[in-house]
Amino acid sequence: MDISWALLLFLLLVPGIKVGSKFSPEDLGFSAQSLESGISSEAHRASSLPQQVEGPLAVLVGTTIQLPLPSTPDPGPPAPLVVWRRDSTVLAAGSLGPGAQLISLDPANRHRLRFDQAGGGLEVSSAQLDDAGVYTVEVIRAGVSRQIWEFTVGVYEPLPQLSVQPQALETEEGAAELRLRCVGWRPWHGELSWSRDGRALEVVDPEGAEQPRIRAEGDQLVIGRPVRSDHGRYTCHVRSPFGHREAAANVSVFYGPDPPAITVSSDRDASPALYVTAGNNVTLRCSAASRPPADITWSLADPAEAAVPAGPRLLLPAVGPGHAGAYACLAENPRTGRRRRSLLNLTVADLPPGSPQCSVEGGPGDRSLRFHCSWPGGVPAASLQFQGLPEGVPAGPVPSELLAAVPAHPRLSGVTVTCLARHLVATRTCTVTLEAPQEVLLHPKVEETRSGEAEVALEASGCPPPSRASWTREGRPLALGSGGRLRLSQDGRRLLIGNFSLDRDLGNYSVLCSGALGAGGDQIRLTGPSISSWRLQRAHDGAVLTWDVERGTLISGFELQARPEGPDLGKATTFKDWVSLLILGPQERSGVMPLPPRSPGTWALRILPTLGGQPGTPSQSLVYQAGSTLGPGAIAGIVLGSLLGLALLAALLVLCICCLCRFQGKTPRKKSPTLTPMVIPSKKKTQSVTPVQTPQLPPLKIPLQDPRPARTHQASGPSPVISPPSFPKTVRVATHV
């Protein structure tokens with residue numbers, strides 16, 4: 001049998017036991033076994049666990065606590081017994097039904113307790129804070145059943161006015177702790193909770209040796225080792241079934257400054273953090289996490305720099321190499337006085353001028369080849385590296401200038417070596433192709449200075465690096481020196497002869513091109529200006545002249561000259577008789593000389609080559625007959641037309657033949673004079689020139705000074721060409737034929 005049910009029965013049978021007192025079977029002098037033996041074996045041994053009534057019961061202090069039975073028991077016999085307890089204290093006990101006897105009430109609270117014998121409920125008037133707790137009711141029907149229910153009762157005082165102290169708390173990050181107190185709260189007012197900036201805080205009560213950083217101690221919120229995220233507005237909330245109250249206070253957690261962060265921006269650079277290009281506008285920005293915000297100042301590595309303005313933004317307009325270096329950002333917390341400093345190395349990239357230059361030359365004794373690559377200047381210096389060198393040869397990278405030596409070998413001919421020049425702004429290359437000397441050939445070129453002097457340059461082709469050129473004249477090395485008339489180019493492949501003289505500078509010149517990969521050479525004989533051969537052809541209202549010159553002939557220009565010729569002219573001729581009608585450049589080999597068609601006559605034509613202001617040997621003159629004489633083509637057309645007309649007029653053919661014969665017998669035929677172009681035989685193969693038409697020009701009026709008849713001849717001696725004062729020299733644009 002259940003002991004508690006037996007004890008309740010014992011309360012009814014044993015006088016002197018007070019309801020509301022705490023006792024045990026040992027206190028009465030008998031054991032639970034003796035009670036069980038005294039109870040009828042027919043009593044119901046089944047027991048049930050307590051059943052929790054839904055929802056707690058909340059009351060205010062001074063009001064009545066009403067605890068009804070969840071279900072009304074059957075009043076039939078045997079009469080049910082109802083026992084009310086709070087925790088372990090029996091508050092009331094009695095049976096139900098009409099005329100049932102109330103056993104007892106708790107003496108300490110008898111004046112506030114009322115037991116309903118009809119329904120089995122219990123009322124506690126003038127509720128006090130101590131009345132809060134768990135109430136248990138047992139309904140016992142002897143030998144039949146036993147039911148237990150539990151009630152949770154909360155007793156609250158009205159909600160008070162709240163405040164959080166201190167109202168404005170200031171602390172620094174890393175301090176020992178900070179405490180906030182919710183003034184006015186007591187446990188019987190309701191449940192206390194905390195929030196920061198509207199978000200609930202998970203506050204736990206300290207348990208164990210290790211205390212949480214944020215914890216609640218009664219009406220206080222304790223935050224240990226504050227951090228910057230603890231900054232905000234804290235609110236204490238008190239909630240009860242009868243309402244809600246809250247109060248708030250601000251907490252300021254000062255921190256920082258953290259290490260400043262410096263960022264770089266540029267108006268035209270894609271990656272300013274790596275480098276900025278010279279000439280661009282650059283902005284430096286500094287930021288440091290701090291509360292309150294930190295004061296930002298700048299410090300430059302250059303002590304000569306003027307005062308730098310304070311502030312998080314530093315503008316560097318049109319940066320140059322002088323702006324490169326270290327920039328320091330200083331951040332200071334005005335509240336705590338703490339300072340932090342960060343550095344930034346600004347790289348200003350200035351591309352080296354021009355492009356990388358590559359070269360190769362022979363080493364001592366031509367036993368090796370020395371490759372050279374350079375790209376000087378720029379900020380920072382360019383990185384140079386060779387590609388294509390044999391294995392085992394150091395090829396860089398090195399800054400600005402790179403040298404590499406390779407043992408010479410004929411198999412290196414045709415190999416291409418590339419110099420890869422890397423700079424922050426751009427990457428460029430230059431190449432060197434190793435070639436042995438082959439088909440070395442000298443090319444003479446004539447240049448005329450502003451003063452009218454002639455300069456002759458001999459350029460050697462087919463002599464690539466690393467071969468070196470050595471020059472001789474008439475088998476003797478040339479005396480090359482600074483300030484002399486003979487000068488060599490930097491690579492030695494161009495010989496320049498200044499103020500060239502036909503008297504002292506003509507002769508045989510040779511070049512020898514030799515190096516680690518082989519050797520070759522060439523020889524040329526420089527001669528004065530002359531024409532090897534020339535040809536004359538008739539054209540409409542003019543004459544076409546073509547000519548040839550020998551290799552090595554030095555010429556700076558050609559003058560196409562004319563002179564009238566006839567039986568009335570004297571035989572003696574001078575240079576004054578020749579008039580230059582056309583002046584051509586040294587590369588021209590043909591020209592069209594216009595002659596007036598309305599002034600028929602015989603002309604003598606020639607070509608005078610020149611070298612600077614020095615005339616050369618003029619060509620032999622040729623005679624040209626000007627006028628309206630029909631050419632061979634016109635005559636052929638007339639004859640063909642006549643034959644066709646005679647074929648159509650067969651009836652008149654005999655008569656025409658007789659008339660012609662009779663006319664020939666009476667009057668001798670008179671031939672009309674014709675001029676066949678004369679061609680001076682030449683040792684070289686000549687080219688035919690197709691006649692061309694020239695535009696109509698005004699008649700050329702040349703006064704004749706010598707009335708004596710004269711004939712054409714070859715001028716001897718380098719006498720200068722002098723035009724008469726009344727003969728203006730006409731210069732025309734050259735026409736190629």
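**Exercise 1.** In this predicted model, decide whether Arg-215 is buried or exposed, and find what its side chain contacts.

*Solution.* Start with the accessibility: Arg-215 has a relative accessibility of 7%. The cut-off for buried is under 20%, so Arg-215 counts as buried. Next, place the residue: strand β16, residues 214–217, contains Arg-215. Then look for partners of the side chain. The side chain of Gln-211 forms a polar contact of 3.2 Å with that of Arg-215. The backbone oxygen of Pro-212 is also reached by the Arg-215 side chain, at 3.2 Å.

**Exercise 2.** Describe the largest pocket: its space, its lining and the elements that supply the lining.

*Solution.* Begin with the space, which is about 490 Å³. The lining of this largest pocket consists of 22 residues. Nearest the centre are Ser-359, Val-360, Glu-361, Pro-465 and Arg-493. Now turn to the elements. Those giving two or more residues to the lining are β28 (357–362), β29 (368–374), β32 (401–407), β34 (427–433) and β37 (468–473). Of these, β28 gives the most, with five residues. Finally, sort the lining by residue type: nine nonpolar, eight polar and five charged.

**Exercise 3.** Do the same for the second largest pocket: which residues lie nearest its centre, and how do the lining residues divide?

*Solution.* The space in the second largest pocket is about 360 Å³. Its lining has 15 residues, and Pro-444, Lys-445, Thr-553, Gln-587 and Arg-589 lie nearest the centre. By type, the lining divides into seven nonpolar, four polar and four charged residues.

**Exercise 4.** Where are the cis peptide bonds before Pro-292 and Pro-466 placed in the chain?

*Solution.* Recall that most peptide bonds are trans. Arg-291 and Pro-292 are joined by a cis bond with omega of about -5°. Pro-292 is in the loop between β22 (282–287) and β23 (295–300). The bond from Pro-465 to Pro-466 is cis too, with omega near 10°. Pro-466 sits in the loop between β36 (454–461) and β37. Pro-465 also appeared in Exercise 2, among the residues nearest the centre of the largest pocket.

**Exercise 5.** Compare the setting of Asp-366 with that of Glu-474.

*Solution.* Most residues other than glycine have a negative phi. Asp-366 has a positive phi of about 55°, and phi of Glu-474 is near 55°. Asp-366 is in the loop between β28 and β29, while Glu-474 is in the loop between β37 and β38 (476–477). For accessibility, Asp-366 has 22% and is partly exposed. Glu-474, at 39%, also counts as partly exposed.

Methods. Residues numbered from 1 in each chain as written. Predicted model: local features only at pLDDT ≥ 70, side-chain atom pairs only at ≥ 80, totals over all residues. Heavy atoms only, no water. 1 Å grid on protein atoms, 1.4 Å probe; cavity = no way out; pocket = protein on both sides within 12 Å on 5 of 7 lines; lining within 4 Å. Points joined across faces, edges and corners; volume = space filled by probe spheres on them. Helix = DSSP H or I, 4+ residues; strand = E, 2+ residues; numbered from the N terminus. Nonpolar A, V, L, I, M, F, W, Y, C, P; charged D, E, K, R; others polar. Buried < 20%, exposed > 50% of the residue type's maximum accessible area, 1.4 Å probe, protein only. Polar contact = N/O pair within 3.5 Å; in protein donor to acceptor, adjacent residues only side chain to side chain.
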